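Welcome, and please load the model in your viewer. We will go from one selection to the next, pausing at each to see what is there.

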Amino acid sequence: HFDNIERIDMNLKALTYKDVQGIRQRLGLSQAKFASAHNISKRTIQAWEQGRPIGNVGQAFLRLVRKGL
């Protein structure tokens, strides 16, 4: 059941590379440590921080991480 999962408003402003860097830096983590801590490849983090598109799953993940800050 997905009834209890909070819906992500698709009208939210998309996160940018600056947001990704800001989230990671607020956690005080290098790209490698951020990636490892969240089971994401370092290449993905690098790509996001270089301005490559962040898909819907990435957007949702980053919002959850940011919410926990």
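Is Glu 49 buried or exposed? Select Glu 49: this residue is buried, with a relative accessible area of 7%, where buried means under 20% relative accessible area, exposed over 50% and partly exposed in between, using a 1.4 Å probe and protein chains only.

Before moving on, a word on what you are looking at. This is a predicted model, in which local features need pLDDT of at least 70 and side-chain atom pairs count only at pLDDT 80 or more, while totals for chains, interfaces and linings use all residues. Residues are numbered from 1 along each chain as its sequence is written, and side-chain values use heavy atoms, with hydrogens and water left out.

**Stop 1: around Glu 49**

Keep Glu 49 selected and show its side chain. A polar contact of 2.6 Å links it to the side chain of Arg 24; such a contact is a pair of N or O atoms within 3.5 Å, and within protein one must be able to donate a hydrogen and the other to accept it, with residues adjacent in sequence counting only if both atoms are side-chain atoms. Now add the surroundings: beyond its neighbours within four places in sequence, Glu 49 is in contact with Tyr 17, Val 20, Gln 21, Arg 24 and Gln 31, contact meaning heavy atoms within 4.5 Å.

**Stop 2: the helices**

Switch to a cartoon view. The chain has four helices and zero strands, in the order α-α-α-α; helices (H or I, at least four residues) and strands (E, at least two) are DSSP runs, numbered from the N terminus. Glu 49 sits in helix α3, residues 42-49. Select the buried residues of α3, namely Ile 45, Ala 47, Trp 48 and Glu 49; they pack against α1 (17-26), α2 (31-37) and α4 (56-67). Just past α3, look for Gly 51, which has a positive phi of about 95°.

Next, show α1 and α3 together. Their axes are 7 Å apart and the packing angle is about 125°; axes are lines fitted to C-alpha atoms, for helices over the stretch in contact, and angles run from 0 to 180 degrees between N-to-C directions. The two helices α1 and α3 are therefore oblique to each other, given that angles under 35 degrees count as roughly parallel, over 145 as roughly antiparallel, 65 to 115 as roughly perpendicular and the rest as oblique. Where they meet, Tyr 17, Val 20, Gln 21 and Arg 24 come from α1, and Ile 45, Trp 48 and Glu 49 from α3.

**Stop 3: the core**

Colour the largest nonpolar core, 11 residues in all, including Leu 15, Ile 23, Phe 34, Trp 48 and Val 65. Such a core is a set of buried Ala, Val, Leu, Ile, Met, Phe, Trp, Tyr and Cys residues joined through side-chain atoms within 4.5 Å. Each of α1, α2, α3 and α4 supplies at least two residues of this core.

Centre on Trp 48. Among its contacts outside the neighbours within four places in sequence are Ile 40, Pro 53, Gly 58 and Phe 61. Gly 58 lies in helix α4 and counts as buried at 9% relative accessibility. Try a C-alpha to C-alpha distance from Gly 58 to Ile 40: they are 10.0 Å apart in space and 18 residues apart in sequence.

**Stop 4: a loop**

Finally, pick Asn 39 in the loop between α2 and α3. Asn 39 counts as exposed at 75% relative accessibility, and its phi is near 55°, a positive value in a residue other than glycine.
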